[in-house]
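Trainee: Please take one part of this chain and go through it closely. I would like to know what surrounds it and what it pairs with.

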Amino acid sequence: MNPAFSELSLAEPLARAVAELGFSSMTPIQAQAIPVVLQGRDVMGAAQTGTGKTAAFSLPLLQRLLKHASSSTSPARHPVRALVLLPTRELAVQVAQQIELYAKYTELRSTVVFGGMDMKPQTAELKRGVEVLVATPGRLLDHIEAKNCVLNQVEYVVLDEADRMLDIGFLPDLQRILSYLPKQRTTLLFSATFSTEIKRLASSYLQDPVTIEVARSNATAATIEQRFYRVEENDKIQALKQVLRERTIGQAFVFVNSKLGCARLARSLEHDGLNSTALHGDKSQDERLKALDSFKKGEVQLLVCTDVAARGLDIKDVPAVFNFDLPFNAEDYVHRIGRTGRAGASGLSFSFVCGRDTKSLAELEKLLGKKVEVEPLELESDRRRFGGDPGRINDGQRLWHDPRGSAEARALRPPPRAARPAADPFFEQPYQPKLAPEAKPEWEQQSAKAGAGTRSVSPFIRTKRKVAALFKAATPVAAGAECERQPDPEPVA
DNA sequence: AAAAAAT
């Protein structure tokens, strides 16, 4: 049994908040990290998903801010003393909310800044003065450069999801932010996954760090049952619906690798009457927050999402995670399935493996350090075709449906393309064969010789286009004016 | 083969 929070001799306002939140005994990462952070040491902390890393750094951090008065000589009453950086906006919101709860009975102020929202309210909060600032990198840089906040008094920096913060996409922004901070400070890095390369890189940002590793890093929570199904790319939607029905899954995250795929899947599921919503980076921030909120409240059953939701999001009692696509990075798999099985609860994960996932699967096996058993998944439509029992009823729902749809639906469907009249005669024109290579005009052969990236367009057409562009910019086209159709550009070789 | 983070 781990020690209780009450043994920590936290300052009264913190202890009160902790008691009110019903925290009793610490998790392993909390038991190990909190005393070390209380000593003011740099920390690299690794622990499985859903084991309370946020509290593991927030509580001792707040305790230290309370115990050690600001060394500030600045006239500002509330200089930023602690900075917490996160890789997604939703995660920034979540961590800020948690910190606010812990700091509820203290005088310490905190706020969160992130992109996609109006700068003004954030600026007002910053100007009011905060000791703890939670942020995503891009927007924080905006605020720094607009002089909305001054970070030269920062005593503590936390990189949550540290391996992501240190990866190539974030590193330039991160380095710029760190360049605004005092060299003399405490740095805390936390994540469920640390590759050996990232560990090495990370240690260059730490001074005499204490490494805390609860279980092996990259380990998945033992309470999550992981299944892998061999599914054809085109059968994935059907497979998803089938598993949802057969296992009577309640809420679930459904991870898709691309934003477009995510939007499409969500639309398809909604069309089929499944209660789902999409969360990805092409949505407005309002929509993103709304989608997450409705999932949190349980109004939505399926959160169809990209890796924007892979890390850190703490939503209680989500029973299952689907990897509709197997992630490219094995680390992301660990984070994705970590959305379930949180705080010791049990969880289920289903991953669809198709032909092109061989490489991702091998990466995953390497990271998990074990062979992954991929089971075949018998689809109901096949069962029916091969003489199964198509008439079974489950919760009033048929277990299979005719892939061609109902008779009514078929009648409504447009006839095949060939039977339709041409929508636009232009597209029905006979195919024009391209010039044989030896017949190519001299200019084209030259531009091909000139090297890759040169578009095969004659100098004549190029000039003509420039003039046309200038002309278009200068003269509005009169209504009904006749325009000569410009030839299409040659396809790039 | 992607996503995320600034507009």
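**Strand 12 and its surroundings**

Mentor: In this predicted model, strand 12 (residues 320-323) is covered on both faces. Ala320 and Phe322 are buried on one side, and Val321 and Asn323 are buried on the other. That division follows a general pattern: in a regular strand, side chains alternate between the two faces of the sheet.

Next, the pairing. Strand 9 (residues 252-255) pairs with strand 12 in the parallel sense, over four bridges. Within this pairing, Val254 has Phe322 as its bridge partner in strand 12. Strand 12 also pairs with strand 13 (residues 347-353), in the parallel sense and over four bridges. Here Asn323 stands opposite Ser351 of strand 13. Phe322 and Asn323, each named in one of these pairings, are both buried.

The chain connection comes next. Strand 12, helix 13 (residues 330-337) and strand 13 form a β-α-β unit, and this unit is right-handed. Asp332 is a residue of helix 13. Its relative accessibility is 5%, under the 20% cut-off, so Asp332 counts as buried. Apart from neighbours within four places in sequence, Asp332 is in contact with Arg164, Asp307, Arg311 and Pro327.

Last, the confidence. The average pLDDT of chain A is 82, and 76% of the residues score at least 70. Over residues 387-493, the pLDDT is below 50; this stretch has 53 contacts in the model beyond near neighbours in sequence.

Definitions and conventions. Residues numbered from 1 in each chain as written. Chains lettered and ligands numbered in written order. Predicted model: local features only at pLDDT ≥ 70, side-chain atom pairs only at ≥ 80, totals over all residues. Heavy atoms only, no water. Buried < 20%, exposed > 50% of the residue type's maximum accessible area, 1.4 Å probe, protein only. Helix = DSSP H or I, 4+ residues; strand = E, 2+ residues; numbered from the N terminus. Pairing = 2+ DSSP bridges. Right-handed = clockwise from strand over helix to strand, strands pointing away. pLDDT = per-residue confidence, 0-100. Contact = heavy atoms within 4.5 Å.
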